[in-house]
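Here's a quick tour for anyone meeting this structure for the first time. Have a look around, then read on for some spots to visit.

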Amino acid sequence: MNDKNRIYLFDTTLRDGEQSPGVSLNVEEKVEIAQQLARLGVDIIEAGFPIASPGDFQAVKAIARSVKGPIIAGLCRATRADIDRTWEAVKYAESPRIHTFLASSDIHLKYKLQKSREEVLVQAVEAVKYARQFCPDVEFSAEDATRSDLDYLIELVEAVIAAGATVVNLPDTVGYSVPDEFGRFMKTIIERVPNSDKAIFSVHCHDDLGMAVANSLAGISNGARQIECAVNGIGERAGNASLEEIIMALYTKHAFYQKELNIKYDEIYRTSRLVSTLTGMVVQPNKAIVGSNAFAHESGIHQDGVLKERTTYEIMSPELVGVFKNNLVLGKHSGRHAFKARLAELGYDLSDEELQKAFVKFKDLADKKKEISNDDIEALVKEQGRAIPERFSLEYLHISSGTNMIPTATVRLCIDGMPFEAAATGSGSMEAACQAVDKITDIYGRLLEYKLHAVTGGKDALGEVLSKVEIEDKIYNGRGLSTDIIEASVKSYIHAINRHYYEKQLVNNQGS
Ligand code: KIV
Ligand code: ZN
């Protein structure tokens, strides 16, 4: 392989992705996602923005310590304090990277930074030199590069490379470019910067005009060798270029791009599901590659064609990205061995203890549901891996509701092995149950968002509820799973409360 054709995949799900409105992941969830990204084979994981909050710092440090394989990057502004904090967090990684950024467009200089071009250039050079004292791998991003004065940007890029930047990122921060323009922009910079051969050029495109993936690919065709992207395209405002679309475009159109990635393709779908579950950002059904309709053929003509020859209407196979359609079902007579074998097929390698817990849940589900599919099994395993300790767990739920009656809920929660019970009424079953939970926990949440979907088809399907709950001015994601949708709803509410409780404990412990 010609090394010049190797493209480096830089995943920013945990940094730019986490800047999506309403998304907030705790340390354990970030580590879980980072581990999955490493399994997928991304080259660089941007684990967070360490100076932004103590939680961000802890997450970057934990990922640097535990995730092996990819380079672990931390973001920082171009100041010594930011760089120190980032280095403090990433230095534990096998291969750390400091990613420092400073805006380069006149609009940002005038209104945001209130600095001259000369001052910004000096600051950028100093930051890169300072970061290089700690770390051999330093990336510099010229924020809002695509709206910057070209001659000035060229001068700035030359200067940061001379100062030691190993990677130069030219972000389309506000998603303002279109592909031809962005490709030309990248080509011009690489051609006109005298020392451009001393650094890797990177793209980081936002999706405000729906062009993030197309712009990123245009950048790659014009000399960039690193792509910054996020799983499911999440990120600031309309999001970042979507990781799965980039990967599959380069794979499917290999003859055109002739670029190489080092990715385990069949981990794509699992990565997408994990990020969607933990962030609470549901993937739209028609989303390319990972949407539930991405490989569905509705029209008779299409179905007929696919049955005769798959390639009539499919340009890639679902199995390649880890979507397994041939779902041989398990049921209540399936034993531990069959269950373990299916988990292995799905790529889950559980410890004996985890396997035992998952098997109990599986048997419990098999009592309620005749046929258990891969999607059910994955949902159970993911529920189990929800990564935070359960201070409050649901033991009993009784709802009485119907036409012309006041919905009433009786809830029993287990706290430290002790049962606590309360009853409440509400305008609907969910409100009644949540009020009863609030009475027991003495934590009062406001349900901001609620999404219910069936994991599979069938009247006995598992219902998965993703909710966003506001508690003391912070938003927590909750997830609940059950064949009973009210139970799934209450579980998701309790999950959010558990997250709040856990976070509070962490803060209290840090303070003491
Ligand atoms: O969009 C952007 O410019 C960024 C930089 C901080 C890389 O996210
Ligand atoms: Zn960005």
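In which loop is Asn404 found? Asn404 sits in the loop between β9 (392-400) and β10 (408-415). Keep in mind that what you're looking at is a predicted model. Below, we start with that loop residue and another one, then move on to the ligand, two helices and a couple of buried residues.

**Loop residues with positive phi**

- Most residues other than glycine have a negative phi.
- Asn404 isn't a glycine, yet its phi is positive, near 60°.
- Asn404 is also exposed, because its relative accessible area is 80%, and the cut-off for that label is over 50%.
- Asp442 is another non-glycine residue with a positive phi, about 60°.
- You'll find Asp442 in the loop between α16 (429-441) and β12 (446-454).
- With a relative accessible area of 55%, Asp442 counts as exposed too.

**Around ligand 1**

- The shell around ligand 1 is made up of Arg15, Asp16, His99, Phe101, Ser141, Glu143, Asn169, Pro171, Thr173, His204 and His206.
- Sorted by character, that shell has two nonpolar, six polar and three charged residues.
- Three strands, β4 (96-103), β5 (138-143) and β6 (167-172), each chip in at least two residues of the shell.
- Thr173 has a side-chain N or O atom 2.6 Å from an oxygen atom of ligand 1.
- For His206, a side-chain N or O atom is 3.0 Å from an oxygen atom of the ligand.
- Asp16 joins in with a polar side-chain atom 3.1 Å from an oxygen atom of ligand 1.
- On its own, ligand 1 has 260 Å² of accessible area, and the protein covers 94% of that.

**Helix α7, a helix with two sides**

- Helix α7 covers residues 179-192, and its 14 residues should span 20 Å at 1.5 Å a residue. The end C-alpha atoms are 20 Å apart, so the model agrees with that expectation.
- The buried residues of α7 are Phe182, Gly183, Phe185, Met186, Ile189 and Ile190.
- Looking down the axis of α7, you'd see those buried residues fall within an arc of 160°, so they line one face of the helix.
- An α-helix has 3.6 residues a turn, so residues three or four places apart point the same way.
- Over on the other side of α7, Asp180, Arg184 and Glu191 are exposed.

**Helix α13, the same kind of check**

- In helix α13 (residues 336-345), the buried residues are Phe339, Arg342 and Leu343.
- Down the axis of α13, these fall within an arc of 100°, so they line one face of the helix.
- His337, Ala344 and Glu345 are exposed on the other side of α13.

**Two buried residues to look up**

- Ser492 is part of helix α17 (residues 485-511).
- Ser492 has 0% relative accessibility, so it counts as buried.
- The side chain of Ser492 reaches the backbone oxygen of Ser489 at 3.1 Å.
- Asp172 belongs to strand β6, which is one of the strands that supply residues to the shell around ligand 1.
- Asp172 is buried as well, because its relative accessibility is 0%.
- How far apart in space are Asp172 and Ala145? Their C-alpha atoms are 6.3 Å apart, while in sequence the two are 27 residues apart.

Definitions and conventions:
Residues are numbered from 1 along each chain as its sequence is written. Chains are lettered from A and ligands numbered from 1 in the order in which they are written. This is a predicted model: local features need pLDDT of at least 70, side-chain atom pairs count only at pLDDT 80 or more; totals for chains, interfaces and linings use all residues. Side-chain values use heavy atoms; hydrogens and water are left out. A residue is near a molecule or strand if one of its heavy atoms lies within 4 Å of it. A polar contact is a pair of N or O atoms within 3.5 Å; within protein, one must be able to donate a hydrogen and the other to accept it, and residues adjacent in sequence count only if both atoms are side-chain atoms. Accessible areas come from the Shrake-Rupley method with a 1.4 Å probe; for residues, only the protein chains shown count as cover. Helices (H or I, at least four residues) and strands (E, at least two) are DSSP runs, numbered from the N terminus. Ala, Val, Leu, Ile, Met, Phe, Trp, Tyr, Cys and Pro count as nonpolar, Asp, Glu, Lys and Arg as charged, and the others, Gly among them, as polar. Buried means under 20% relative accessible area, exposed over 50%, partly exposed in between (1.4 Å probe, protein chains only). The expected span of a helix is 1.5 Å times one less than its number of residues. The arc is that of the directions from the helix axis to the C-beta atoms.
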